[in-house]
Amino acid sequence: MEQSSGGEGGSVLTAAVIAELTGGTVHGDAGASITSVAALDRARSGQLSFCASAKYARLLAGTEASVVLLSPDVATAETRARARIVVERPQDSLVSLLPRLYRAPERRPGVHPTALLGRGVRLGSLVAIGPYVHVADGAVLGDRATLDAHCSVGAGVQVGDDVHLFPSVTVYSGTQLGNRVAVHSGAVIGSDGFGYVYRNNQHEKIPHVGRCVIESDVEIGAGTTIDRGSIDDTVIGAGTKIDNLVHVAHNVRIGRLCLIAAQTGISGSVRIEDGVVIGGQAGLAGHHTIGKGARLAAQSGVFGDVPPGETWSGYPARPHRESLRAHAALFKLSGMVKHLERLLSGSDEEGRAR
């Protein structure tokens with residue numbers, strides 16, 4: 001298999017090697033080589049791109065990429081690429097090649113001299129703790145855990161194996177992270193929720209004593225905040241992926257393998273079942289349940305339970321087809337109002353006085 005070190009820190013791959021790795025079929029120059037990937041309209045010689053739909057045929061025809069991954073639907077489409085590789089799912093194939101072309105930064109186990117570890121901290125094997133990290137008393141870090149610069153881990157926090165906390169992540173006491181969890185920069189995990197009771201002429205804070213449990217294989221985006229429970233726990237299910245700038249309030253329970261896009265806000269005690277997908281900027285009012293496999297479109301405003309498997313959209317959110325009909329009616333309303341105003345003013349449809 002022809003493969004050598006490339007300028008991207010990964011490898012130089014020939015079309016023949018790419019076909020072997022992806023199970024595809026090469027047409028053209030099997031010796032054409034690439035060192036990186038790019039979109040069709042930005043790719044240059046020595047780069048790999050892909051096309052999975054005929055609607056991008058114009059970009060495919062003009063691309064300067066040396067090698068392109070193509071779906072069977074566009075296998076014979078015009079292109080100047082030196083080699084085309086036909087695969088069933090070009091995007092999936094591209095994703096599988098990325099680790100060979102872009103190597104992750106070298107991980108160096110050890111504890112930086114500026115890191116501060118509290119009493120009773122337990123470190124697994126091959127942990128990597130960066131500059132100015134603080135790990136408070138009694139915290140436990142699993143094998144191969146990585147804490148980048150300026151992370152803060154609270155007292156008694158449990159961090160599983162192969163966890164990666166990117167720079168400036170804060171993990172409060174009462175938090176538990178499973179294995180292979182990734183938390184990106186600036187995220188805050190396990191802070192107190194927004195809970196107060198009005199008495200004695202003031203808003204008195206409700207103490208938060210529940211946990212924040214992040215199960216295995218969860219990824220949490222930059223700037224996201226996840227509150228600990230008040231009395232119950234806040235739980236993020238295994239395999240769930242949360243985008244940047246999402247807020248998850250106290251006592252929320254999110255199931256397995258959910259996808260939650262940026263700027264979503266989830267109010268307290270919401271239950272989100274397995275496999276739910278939530279679009280960006282959605283807002284969920286508290287104490288409702290989103291059923292298994294449901295879909296919420298971007299900017300949905302959810303004020304009630306959503307049945308399993310259904311797609312809802314709009315504000316307030318409702319079944320998607322119903323929401324589309326409501327919006328269509330609203331768009332027609334402006335014309336109807338103008339027509340009514342003309343009738344009331346005594347003018348005909350062309351604005352002439354009667």
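**Exercise 1. What should the 26 residues of helix H4 (residues 320-345) span at 1.5 Å a residue, and how far apart are its end C-alpha atoms?**

Solution. Keep in mind that we're working with a predicted model.

- Step 1: the expected span is 1.5 Å times one less than the number of residues, so for H4 that comes to 38 Å.
- Step 2: the end C-alpha atoms of H4 are 38 Å apart, which agrees with the expected span.
- Step 3: now look along the helix axis. H4 bends by about 30° at Leu 333.
- Step 4: check what follows the helix. Gly 346, just after H4, has a positive phi of about 85°.

**Exercise 2. Work out how Leu 333 sits in its surroundings.**

Solution.

- Step 1: Leu 333 belongs to helix H4, and the bend of about 30° is at this residue.
- Step 2: its relative accessibility is 42%, so Leu 333 counts as partly exposed; that class lies between the 20% and 50% cut-offs.
- Step 3: look for nonpolar company. Leu 333 joins Leu 330, Phe 331, Met 336 and Val 337 in a nonpolar surface patch of about 520 Å².
- Step 4: a reminder for reading such a patch: an α-helix has 3.6 residues a turn, so residues three or four places apart point the same way.

**Exercise 3. Compare the chain with a compact globule of 354 residues.**

Solution.

- Step 1: the globule would have a radius of gyration near 20 Å, but the chain comes out at 27 Å.
- Step 2: for the overall dimensions, the C-alpha atoms fill a box of roughly 90 × 80 × 35 Å along the principal axes.
- Step 3: tally the secondary structure, which is four helices and 41 strands.
- Step 4: buried residues account for 41% of the 354.

**Exercise 4. Trace salt bridges that connect separate loops and strands, picking from the eleven in the whole structure.**

Solution.

- Step 1: start with Asp 29 and Arg 82, whose closest N and O atoms are 2.4 Å apart. This pair links distant parts of the chain, 53 residues apart: Asp 29 is in the loop between S3 and S4, Arg 82 in the loop between S7 and S8.
- Step 2: go on to Asp 233 and Arg 211, with closest N and O atoms 2.9 Å apart. Both sit in loops, so the pair ties together parts 22 residues apart in sequence. Asp 233 is buried at 14%, while Arg 211 is partly exposed at 38%.
- Step 3: finish with Asp 232 and Arg 253, which meet at 3.1 Å, N to O. Here a loop between S27 and S28 is linked to strand S31, 21 residues away. Salt bridges with shared partners join Asp 232, Arg 253 and Arg 271 into one network.

Notes. Residues are numbered from 1 along each chain as its sequence is written. This is a predicted model: local features need pLDDT of at least 70, side-chain atom pairs count only at pLDDT 80 or more; totals for chains, interfaces and linings use all residues. Side-chain values use heavy atoms; hydrogens and water are left out. Helices (H or I, at least four residues) and strands (E, at least two) are DSSP runs, numbered from the N terminus. The bend at a residue is the angle between axes fitted to the seven residues ending there and the seven starting there. Patches are made of residues with over 30% relative accessible area and no salt bridge: like charges are joined within 9 Å, nonpolar side chains (Val, Leu, Ile, Met, Phe, Trp, Tyr) within 5 Å. Accessible areas come from the Shrake-Rupley method with a 1.4 Å probe; for residues, only the protein chains shown count as cover. A salt bridge is a side-chain nitrogen of Lys or Arg within 4 Å of a carboxyl oxygen of Asp or Glu. Buried means under 20% relative accessible area, exposed over 50%, partly exposed in between (1.4 Å probe, protein chains only). The radius of gyration is taken over C-alpha atoms; the globule rule is 2.2 Å times the number of residues to the power 0.38.
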